[in-house]
Structure formats: structure tokens, C-alpha cells
Amino acid sequence: MDAGPVPDAGAALPRAEHPAPGMTRTVRGEGRSEEQALEQAAVALCALVADPATVEVREEVEMECDAKDLDHLLADWLGAIVHNMAARRLRFRCFAVRLDGRHLFGHAFGEPMDPARHHGALGLRHLSLTRPTVRRSADGRWMAEFEVQG
């Protein structure tokens with residue numbers, strides 16, 4: 001899949017509460033579409049381990065997920081992102097998502113971790129993600145949220 005141009009990370013900032021160690025907080029991404037909400041939830045997740053503004057776009061990683069519903073798709077998507085950050089020691093700045101039914105085609109844009117520049121509220125080994133939820137609000141905007149235990 002050709003992702004086209006790299007998304008502008010500042011175009012629609014995610015709303016995220018960053019948990020203090022030992023606390024549970026809700027992390028949320030919002031957008032005009034399901035895809036945008038999933039993209040912004042991913043940015044909010046990544047902001048917990050590194051400020052996305054400090055991450056340069058040097059690499060692109062493709063990910064695909066399938067699930068029976070949007071809530072499970074969000075969980076699988078975030079799990080794939082955490083896996084790539086941990087296993088490949090990457091940090092991500094922004095994302096592009098395309099949905100085909102309940103199949104997600106995702107692209108993550110970032111670079112290898114640089115300890116001198118990439119600081120965040122939590123380390124990857126401290127992340128526990130629960131209660132993924134994707135829903136449409138009364139005003140038509142989409143929200144993808146999950147809880148993070150820090």
C-alpha cells in the first residue's frame with residue numbers, strides 16, 4: 001500500500017493524560033474518521049515513551065491487523081506499535097491508517113531510539129494497556145481510547 005505523504009504530526013493533536021507511576025489514566029485519540037482516531041490514539045500512546053516532537057521521520061514501518069470489531073482492532077494496532085517500539089528499538093512520530101472493513105493497514109513513521117533525545121513518562125516495560133474502546137460521539141467525531149497502567 002502506498003501511504004502517500006507522511007502525515008503532519010501537528011495537524012490534529014491527540015488528547016492524552018499521562019499516567020504517573022502506579023496510576024491508571026485514559027489515553028485518547030480523536031478524529032473526523034475512525035482512521036484518524038486510530039492514528040491519534042497511536043500518537044498518544046507513543047507520547048508516553050517519547051515526545052513525538054523529538055522523533056524524526058527516518059523510517060517507515062508497515063503493520064496490518066484484523067479483528068472482529070473496532071475495539072479489538074485498536075488493541076491489536078496498539079500492540080503492534082508497542083511490539084515494534086520494543087523489538088526494533090524504534091520511536092514513532094506519526095501514523096497513517098486505512099481501514100478495509102475490520103482490516104487495518106497502518107504505517108508508522110519514526111526513527112531508532114536515541115536515549116539522548118527520546119524521553120517519556122513511561123518505559124515500554126511499564127506499559128499495560130486495557131479497555132480499548134472506539135466510538136462515535138454525538139457530534140460525529142470518532143474517539144479511540146484505552147487505559148494505561150503506569
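**Exercise 1. Aromatic pairs**

Find how many aromatic pairs this predicted model holds, and classify the pair of Trp-77 and Phe-95.

Solution.
- The structure holds two aromatic pairs.
- Take Trp-77 and Phe-95: their ring centres are 5.7 Å apart, and their planes meet at 80 degrees.
- Planes over 60 degrees apart count as edge-to-face, so this pair is edge-to-face.
- Next, place the partners. Trp-77 sits in helix α2 (residues 70–87), and Phe-95 sits in strand β4 (residues 90–100).
- The pair therefore ties together parts that are 18 residues apart in sequence.
- Both Trp-77 and Phe-95 are buried.
- Finally, Trp-77, Phe-92 and Phe-95 make up one aromatic cluster.

**Exercise 2. Disulfides**

Determine the number of disulfides, and explain the result for Cys-46 and Cys-94.

Solution.
- The criterion is a pair of cysteine sulfur atoms within 2.5 Å.
- For Cys-46, the closest cysteine sulfur belongs to Cys-94, at 9.9 Å.
- For Cys-94, the closest is that of Cys-46, again at 9.9 Å.
- That is too far for a bond.
- The count is zero disulfides.
- Check burial too. Cys-46 is buried, with a relative accessible area of 2%. Cys-94 is buried as well, at 3%.

**Exercise 3. Thr-24**

Locate Thr-24, state its exposure, and list its contacts beyond four places in sequence.

Solution.
- Thr-24 belongs to strand β2 (residues 24–31).
- Its relative accessible area is 37%, so Thr-24 is partly exposed.
- Beyond its neighbours within four places in sequence, Thr-24 contacts Glu-147, Val-148 and Gln-149.
- Thr-24 and Glu-147 are 123 residues apart along the chain, yet their C-alpha atoms are separated by 6.4 Å.

Methods. Residues are numbered from 1 along each chain as its sequence is written. This is a predicted model: local features need pLDDT of at least 70, side-chain atom pairs count only at pLDDT 80 or more; totals for chains, interfaces and linings use all residues. Side-chain values use heavy atoms; hydrogens and water are left out. Buried means under 20% relative accessible area, exposed over 50%, partly exposed in between (1.4 Å probe, protein chains only). Helices (H or I, at least four residues) and strands (E, at least two) are DSSP runs, numbered from the N terminus. Contact means heavy atoms within 4.5 Å. Rings of Phe, Tyr and Trp (its six-membered ring) pair if their centres lie within 6.5 Å; planes under 30 degrees apart count as stacked, over 60 as edge-to-face and the rest as tilted.
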